[in-house]
Amino acid sequence: RRPWPCSRSSDLPNFGNAGAVNLVIQNAIAKAAARTQAGDVLVLAPEDVADSSSPAKEENPDPFAPLRDLYNVDNVMQYLRGLQCQLEVAAREGGPRPDLGHFVFRGSPGTGKTTVARAIARILYRLGFLATDRLVETSGLRLTGDFVGQTKSKVAE
């Protein structure tokens, strides 16, 4: 039995079923059109309706591969492995998914903060915690409002 093609997309904050189904159908039609000859009848096949929200099959099945070549990330790997174990237990026992919390990357310029953040985003996506592996990069200055009360709305954006 195949999973719903929008299973990961439904975790996004602005998810809507109708828009997601429309996107799945448009993608399936595009795949089928690329497969058919001019003048042929367009026929959708099950492979046209692939789960585009699932991670693509990669040559390295290890979800922690993005961190393997980085220096001094053992504590990060240990934390992510703990999250993976918690997720597996929750799935097996039917409990809620573990809370990710927030990540703050501090350090001098050029120390690999963004590189590690991108790797963590890819890992969390491959483990099934995130609906997308897209990372939003920002700084404290961009989150701080110009007047009292504006910071909350900037963070929400």
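**Exercise 1. The lining of the second largest pocket**

Determine how the lining of the second largest pocket divides by class, and which residues lie nearest its centre.

*Solution.* Step 1: sort the lining by class. In this predicted model, the lining of the second largest pocket has 9 nonpolar, 4 polar and 2 charged residues.

Step 2: count the lining and locate its central members. The second largest pocket is lined by 15 residues, and those nearest its centre are Val 73, Asn 75, Val 76, Phe 105 and Val 116.

Step 3: assign the lining to elements. Helix H3 (74-93) and helix H4 (113-127) are the elements that give two or more residues to this lining.

Step 4: state the volume. For the second largest pocket, the volume is about 340 Å³.

**Exercise 2. A residue of helix H4**

State whether Ala 119 is buried or exposed, and give the separation of its C-alpha atom from that of Arg 68.

*Solution.* Step 1: place the residue. Ala 119 belongs to helix H4.

Step 2: compare its accessible area with the cut-off. Buried means under 20% relative accessible area. Ala 119 has a relative accessible area of 1%, and therefore is buried.

Step 3: consider the pair. Ala 119 and Arg 68 are 51 residues apart along the chain, and their C-alpha atoms are separated by 9.8 Å.

**Exercise 3. Two residues of helix H1**

Classify Val 21 and Asn 27 by their relative accessible area, and identify the surface patch to which Val 21 belongs.

*Solution.* Step 1: place both residues. Val 21 lies in helix H1, which covers residues 17-35, and Asn 27 is also in helix H1.

Step 2: apply the cut-offs. A residue is partly exposed between the limits of 20% and 50%. The relative accessible area of Val 21 is 32%, so Val 21 is partly exposed. For Asn 27 the value is 34%, so Asn 27 is partly exposed.

Step 3: identify the patch. Val 21 joins Ile 25, Ile 29, Leu 42 and Leu 44 in a nonpolar patch on the surface. Together these residues have about 380 Å² of accessible area.

Step 4: consider a pair that includes Asn 27. A distance of 7.6 Å separates the C-alpha atoms of Asn 27 and Val 49, which are 22 residues apart along the chain.

**Exercise 4. The protein as a whole**

Describe which elements the protein contains, and how much of it counts as buried.

*Solution.* Step 1: count the elements. The protein has 6 helices and 0 strands.

Step 2: write their order. From the N terminus on, the elements run α-α-α-α-α-α.

Step 3: give the buried share. Of the 157 residues, 24% count as buried.

How values were computed:
Residues are numbered from 1 along each chain as its sequence is written. This is a predicted model: local features need pLDDT of at least 70, side-chain atom pairs count only at pLDDT 80 or more; totals for chains, interfaces and linings use all residues. Side-chain values use heavy atoms; hydrogens and water are left out. On a 1 Å grid over the protein atoms alone, a cavity is a set of points where a 1.4 Å probe fits but cannot get out, and a pocket is an open set with protein on both sides within 12 Å along at least five of seven lines; lining residues have an atom within 4 Å of a point. Grid points are joined across faces, edges and corners, and a volume is the space filled by probe spheres set on the points. Helices (H or I, at least four residues) and strands (E, at least two) are DSSP runs, numbered from the N terminus. Ala, Val, Leu, Ile, Met, Phe, Trp, Tyr, Cys and Pro count as nonpolar, Asp, Glu, Lys and Arg as charged, and the others, Gly among them, as polar. Patches are made of residues with over 30% relative accessible area and no salt bridge: like charges are joined within 9 Å, nonpolar side chains (Val, Leu, Ile, Met, Phe, Trp, Tyr) within 5 Å. Accessible areas come from the Shrake-Rupley method with a 1.4 Å probe; for residues, only the protein chains shown count as cover. A salt bridge is a side-chain nitrogen of Lys or Arg within 4 Å of a carboxyl oxygen of Asp or Glu. Buried means under 20% relative accessible area, exposed over 50%, partly exposed in between (1.4 Å probe, protein chains only).
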